[in-house]
Amino acid sequence: MDKLQYVMDLMHRDFGCSTNSVDYAAESVLLFSDELDTNLLPDFFDEINTEKEVLVHYYAVDEYIVYIITDATNGEWKLLGVLKDNKLTFHKAFV
């Protein structure tokens, strides 16, 4: 699954954002799970993630930041979250 295309489709469909990839900033970061800000995660995240390290892909468009947390070893998607004003406004678990 192409992450950027998935994010662009979601953001266009649910939030009215651009479908042009040049409007999106992207970055990926390898983190230990305990480095994640729990205020930006749904309460059940610890139940779906047991890995010590995760790879987090960030996408920014307009006033939104989208993150996709994946398994650092096999790239399996764990969680997608959409932040607006530093608050989680949407999330989807992939389990």
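**View 1. The hairpin of β3 and β4 in the predicted model.** In this predicted model, strands β3 and β4 form a hairpin with five residues between them, and Gly75, which lies in the turn, has a positive phi of about 75°. The two strands run antiparallel and are joined by seven bridges. One of the residues of β3, which spans residues 64–71, is Thr70, and the bridge partner of Thr70 in β4 is Trp77. Strand β4 is mostly covered, since seven of its eight residues are buried.

**View 2. The surroundings of Thr70.** With a relative accessibility of 1%, Thr70 counts as buried because the limit for that class is under 20%. Its side chain is joined to the side chain of His57 by a polar contact of 3.5 Å. When residues up to four places away in sequence are not counted, Thr70 touches Lys3, Val54, Leu55, His57, Gly75, Glu76, Trp77 and Lys78, so that His57 appears both in this list and in the polar contact. Val54, another residue that Thr70 touches, has Asp71 as its bridge partner in β3.

**View 3. The sheet as a whole.** Five strands make up an open sheet in the order β1-β2-β3-β4-β5, and their pairing is antiparallel. Strands β1 (25–32) and β5 (87–93) stand at the edges, where each has a single partner strand, so one side of each is left without a neighbour in the sheet. From one strand to the next, the twist averages 20°. Within the sheet, strand β2 (residues 53–61) pairs with β3 over eight bridges in the antiparallel sense, while β4 and β5, which also run antiparallel, are joined by six bridges. In the pairing of β4 with β5, Val82 stands opposite Phe90 in β5.

**View 4. Two aspartates with positive phi in loops.** Asp62, which is found in the loop between β2 and β3, has a positive phi of about 50° although it is not a glycine. At 59% relative accessibility, Asp62 counts as exposed. Asp85 is found in the loop between β4 (77–84) and β5, and although Asp85 is not a glycine either, it has a positive phi of about 55°. The hairpin that β4 and β5 form has two residues between the strands, and Asp85 lies in this turn. With a relative accessibility of 62%, Asp85 likewise counts as exposed.

**View 5. Aromatic pairs that link helix α1 to other parts of the chain.** A search of the whole structure finds five aromatic pairs. In one of them, the rings of Tyr6 and Phe94 have their centres 6.1 Å apart and their planes at 70°, so the pair is edge-to-face. This pair links distant parts of the chain, as Tyr6 belongs to helix α1 (residues 3–15) and Phe94 to the segment after β5, 88 residues apart. Tyr6 is partly exposed, with a relative accessible area of 22%, whereas Phe94, with a relative accessible area of 18%, is buried. The rings of Phe15 and Tyr64 have their centres 5.0 Å apart and their planes at 55°, so that pair is tilted. Because Phe15 lies in helix α1 and Tyr64 in strand β3, the pair ties together parts that are 49 residues apart in sequence. Phe15 is partly exposed at a relative accessible area of 23%, while Tyr64, at 9% relative accessibility, counts as buried. Tyr6 and Phe94 also belong, together with Trp77, to one aromatic cluster.

**View 6. The nonpolar cores.** The largest nonpolar core has 15 residues, of which Val7, Met11, Tyr24, Val66, Leu80 and Val82 touch the most other members. At least two residues of this core are supplied by each of α1, β2, β3 and β4, and the largest share, four residues, comes from α1. Val7, leaving aside its neighbours within four places in sequence, is in contact with Tyr24, Tyr59, Val66 and Ile68. A second core, separate from this one, has 12 residues, including Phe45, Tyr67, Ile69 and Leu83.

Definitions and conventions: Residues numbered from 1 in each chain as written. Predicted model: local features only at pLDDT ≥ 70, side-chain atom pairs only at ≥ 80, totals over all residues. Heavy atoms only, no water. Buried < 20%, exposed > 50% of the residue type's maximum accessible area, 1.4 Å probe, protein only. Polar contact = N/O pair within 3.5 Å; in protein donor to acceptor, adjacent residues only side chain to side chain. Contact = heavy atoms within 4.5 Å. Pairing = 2+ DSSP bridges. Axes fitted to C-alpha atoms, helices over the stretch in contact; angles between N-to-C directions. Phe/Tyr/Trp six-rings, centres within 6.5 Å; stacked < 30°, edge-to-face > 60°. Core = buried A, V, L, I, M, F, W, Y, C linked by side-chain atoms within 4.5 Å.
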